[in-house]
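Thanks, everyone. Let me put the model up, and then I'll walk you through one helix and its surroundings.

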Amino acid sequence: MRRTAVAVLTAALAAATVVLAGCTGTTTAAPTPVRSTDLTSSDGGFAENAVIGVVLTEDAGTPSDSGDGRSLATRFREELTEAGFRPDIRVATGDQPARQRAAVHDLVRTGAKALLVRAADASALRTELRTAHDAGVVVVALDGALPSSGGGNDGLSSDYRVDGGDSDAALVSRAVDTVSALQRGEEPTKQ
């Protein structure tokens with residue numbers, strides 16, 4: 001009799017666990033699981049060699065007017081690498097909004113810790129950026145604001161915003177400083 005009671009209780013607990021596990025989930029289609037080996041602390045920081053995704057518009061692939069012949073994409077790749085990160089640069093061509101959506105989705109799926117985004121059409125990225133937030137990715141808007149999809153926040157779906165001011169060099173430098181502060185688990189200075 002005692003063995004039967006224990007067996008029934010064990011079966012009931014197992015069934016309850018299965019039912020309760022089916023009741024949890026995220027509010028969006030956040031990728032599960034996000035492949036990650038970079039998370040190092042609960043204070044918001046991440047590993048020094050973390051993947052940093054950069055999503056840029058088509059013009060970022062051409063050399064700028066700075067005189068050194070480097071494109072914005074090249075500047076980001078070089079300076080993020082120099083800072084110890086593993087940059088994954090995506091330059092949208094053709095149908096830029098669709099390609100940027102795909103790039104954000106892929107970067108979140110593959111474990112980027114932060115996304116630097118210069119949007120061709122900011123409103124086209126609402127769903128993907130919400131998914132990034134749900135996956136714990138820090139989103140940094142480059143130059144323009146990124147609108148949110150609601151949820152009671154401040155109307156922006158980026159955690160931080162970096163303005164380039166007068167040059168690509170200034171934009172990249174400020175963005176790398178922001179990512180470096182985030183990596184250390186610190187609040188970036190206002191850019």
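Which residue just after H3 takes a positive phi? It's Gly111, at about 95°. Keep in mind that this is a predicted model.

First, the overall layout. The protein chain has five helices and five strands. From the N terminus on, the order is α-β-α-β-α-β-α-β-β-α. There are 191 residues, and 37% of them are buried. Now take the contacts with a separation of 6 or more: 59% of those join residues 24 or more positions apart. On the outside, the chain exposes about 10,300 Å². Carbon and sulfur atoms supply 52% of that area.

Now to H3 itself. This helix covers residues 96–109, which is 14 residues. From first C-alpha to last, H3 reaches 20 Å. That is close to the 20 Å expected at 1.5 Å a residue.

Which residues of H3 are buried? The list is Gln96, Gln100, Ala103, Val104, Leu107 and Val108. Their arc around the axis is only 125°, so they sit on the same side of H3. Look at the spacing in general terms. An α-helix has 3.6 residues a turn, so residues three or four places apart point the same way.

And what do the buried residues of H3 pack against? Three strands and a helix. The strands are E1 at 51–56, E2 at 86–91 and E3 at 114–117. The helix is H4, at 126–134.

So, back to where we started: just after H3 comes Gly111, with its positive phi. That's my tour. Over to you.

How values were computed
Residues are numbered from 1 along each chain as its sequence is written. This is a predicted model: local features need pLDDT of at least 70, side-chain atom pairs count only at pLDDT 80 or more; totals for chains, interfaces and linings use all residues. Side-chain values use heavy atoms; hydrogens and water are left out. Helices (H or I, at least four residues) and strands (E, at least two) are DSSP runs, numbered from the N terminus. The expected span of a helix is 1.5 Å times one less than its number of residues. Buried means under 20% relative accessible area, exposed over 50%, partly exposed in between (1.4 Å probe, protein chains only). The arc is that of the directions from the helix axis to the C-beta atoms. Contact means heavy atoms within 4.5 Å. Accessible areas come from the Shrake-Rupley method with a 1.4 Å probe; for residues, only the protein chains shown count as cover.
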